[in-house]
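Me: I am a first-year student, and I would like to take a close look at one part of this protein and at what surrounds it. Could you go through it slowly, starting from one residue and working outward?

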Amino acid sequence: MDTFISRIKRDNVEVPQEKRKELGEKLYRLMTMGGMMVLDYFSLFDKKYITLKPIQFNDNGFYFTYNYFEDDIWESAGYNEKKGYFWSNKIGNSQFGLAVVAGYTLEREYLSGIPIIDLNGSIRTCWGSLMWVNTALGESYKFKHDDPWEQYLILKELGKENNYSADNFTCFWDMLNGFRGMMDIIAVTQGIPALIEELDKPQRSDESDSNYKFRLERKEDIEFLLLKINQFKDSSTVPVQEQYEYMISLVRNAFILSYDKDILEKYEANDLDVLYYRIFIYGYTGVIGRIIADVYSKDFWEVWERIKDVAKREPNDHASYAFETDEMFFVSKDDLVYYWRREKPIDFSDEMQEWLHSLKIRFNEIMAQGVDMHSPLKRIKNIMDFAEEHYFQAYFFNDFLNETMEHIVDSKYMALWQLFDEVLHVPENLKAASVLFEIDHPQISTSRRCDHWFWLDDEYKFNKGRQSMRRFIALMANNELRNEVFGF
């Protein structure tokens, strides 16, 4: 649970001054759509209730501590607009953490070079996060950070390479440049035999036949490169240093000239044309450098200095796709009641639409029957207390409570609170929510499940009863959807 995220970059890399306000506005929208909020208090008859408020943007930026989708609090995070950086503390490994990773992913688009995102020691691609950023904000950012070898070189430049190994980059395996970069890191840090062994592992249960075949083909490539360079060394009559220089020239030409008939014919004389072809067609960088270093007894980094200016791979044009908020945060569309907007309505399930329709019918019945306006504040307090007692952690929205106070003599508001009270008293909802108050392990503990909220499984946290409660509270607070359903 002690999950932390950080960015690794050169010291002189920062968000340009003129872009900090723009970034802040986008981060604010993104974090709001990602469920981030702040907690506040509302007092009623000398009792304080924890309430929810939208993120508050001020001259210094903003911060947040709570995620609506996770329904939990974490250490503060936010954006410092004056200094131009996104920041966080402990973020957990659920929805709060997902939103924060997306924040760092967006910030990365405003930083030059190759900023690295480290999540608990694991270097992340953040590919899915970027797709959600594009979908949520209507942007079209291209994925430019798909090569772990380039990121490893930054770590070395900063003197941090000893803190990381190939095991810290494993999420890159499923990308073409990621696969190549992983090969480079293993070759350079563990050696060519270790790379061949890695590529030769049995097919994994989650690995497709095509990916497995691709992996074995790369193994054959490495063995071929190694064989050809050794054969060249053994058969050549020129001094070893000249051979080494010749191989350096071949690698440089492979990246600079690519497919060139005259060059291929030149290397064909030494039976190296296929070697040349495989280097440029597949973009072997660190791997070919390590093979040359091993064959000619050189330090790899000496070889790399000779080829690093040209031995580069272009970012792949990764296909973009829509990644909606419900997919990103593993929630149902029906849990997005608070986020429904007229200009972008949410496609609720048939069950949810039927529920909203039934609420509308019952609301109209309450209004037609006449609303009891006796002691409205006490009635509201009793309803809030009942919600907390039977459903646990009933967080109302501060703005709606204030709105209610401003319209306390308006029967529509009291009709809405009465309808909420009826929802809370539905036997099916009460029964579903009761699991929170059961003893989880009667043999070893006397505490209720809800006493361990931080560790509680989602099946208990988001039981049908609590979901009904939370969706109704969100409906009350969403002025636009409330107006669609109840007319005010």
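**A buried glutamate and its surroundings**

Reply: Glu403 is buried, because its relative accessible area is 15% and the cut-off for buried is under 20%. Please keep in mind that this is a predicted model, and that every value here is computed from it. Glu403 has its place in helix 16, which covers residues 398-406. Leaving aside residues up to four places away in sequence, Glu403 touches Tyr413, Asn479 and Arg482. With Arg482, the side chain of Glu403 makes a polar contact of 2.6 Å. Tyr413 comes 10 residues away from Glu403 along the chain, and the C-alpha atoms of the two are separated by 9.1 Å.

Tyr413 leads us from the glutamate to a group of rings. One aromatic cluster is formed by Trp355, Phe363, Phe396, Phe400, Tyr413, Trp417, Phe420, Phe472, Phe486 and Phe488. Before looking at a pair inside this cluster, it helps to have another pair for comparison. A pair of aromatic rings is described by the distance of the centres and the angle of the planes. The model has 51 aromatic pairs by the rule used here. One of them is the pair of Tyr28 and Phe57, which is tilted, with 5.4 Å from centre to centre and 55° between the planes. Tyr28 belongs to helix 1 (residues 20-33), while Phe57 belongs to the loop between strand 3 (47-53) and strand 4 (61-67), so this pair ties together parts that are 29 residues apart in sequence. Tyr28 counts as partly exposed, at 27% relative accessibility, and Phe57 is partly exposed as well, with a relative accessible area of 32%.

Now back to the cluster, where the rings of Phe420 and Phe472 have centres 5.3 Å apart and planes at 25°, so that this pair is stacked; the angle decides this, because planes under 30 degrees apart count as stacked. Phe420 lies in helix 17 (residues 411-424) and Phe472 in helix 20 (residues 464-477), so the pair ties together parts that are 52 residues apart in sequence. Both Phe420 and Phe472 are buried.

Phe420 also takes us into the interior of the model. The largest nonpolar core has 97 residues, and those with the most contacts inside it are Phe64, Val100, Phe396 and Phe420. The element that gives the most to this core is helix 17, with nine residues. Another core, of 57 residues, lies apart from it and has Trp149, Leu199, Phe280 and Trp304 among its members.

Phe396, a member of the aromatic cluster, links this picture to some strands. If residues up to four places away in sequence are not counted, Phe396 touches Ile50, Thr51, Leu52, Met384, Ala387, Leu401, Trp417, Phe420, Ile473 and Met476. Strand 9 (residues 396-397) pairs with strand 3 in the parallel sense over two bridges, and in strand 9 the bridge partner of Leu52 is Phe397. Strand 3 also pairs with strand 2 (residues 36-44), here in the antiparallel sense and over seven bridges. In that pairing, Lys48 in strand 3 is the bridge partner of Ser43. Strands 2 and 3 form a hairpin with two residues between them, and Phe45 in the turn has a positive phi of about 55°.

Key. Residues numbered from 1 in each chain as written. Predicted model: local features only at pLDDT ≥ 70, side-chain atom pairs only at ≥ 80, totals over all residues. Heavy atoms only, no water. Phe/Tyr/Trp six-rings, centres within 6.5 Å; stacked < 30°, edge-to-face > 60°. Helix = DSSP H or I, 4+ residues; strand = E, 2+ residues; numbered from the N terminus. Buried < 20%, exposed > 50% of the residue type's maximum accessible area, 1.4 Å probe, protein only. Core = buried A, V, L, I, M, F, W, Y, C linked by side-chain atoms within 4.5 Å. Contact = heavy atoms within 4.5 Å. Pairing = 2+ DSSP bridges. Polar contact = N/O pair within 3.5 Å; in protein donor to acceptor, adjacent residues only side chain to side chain.
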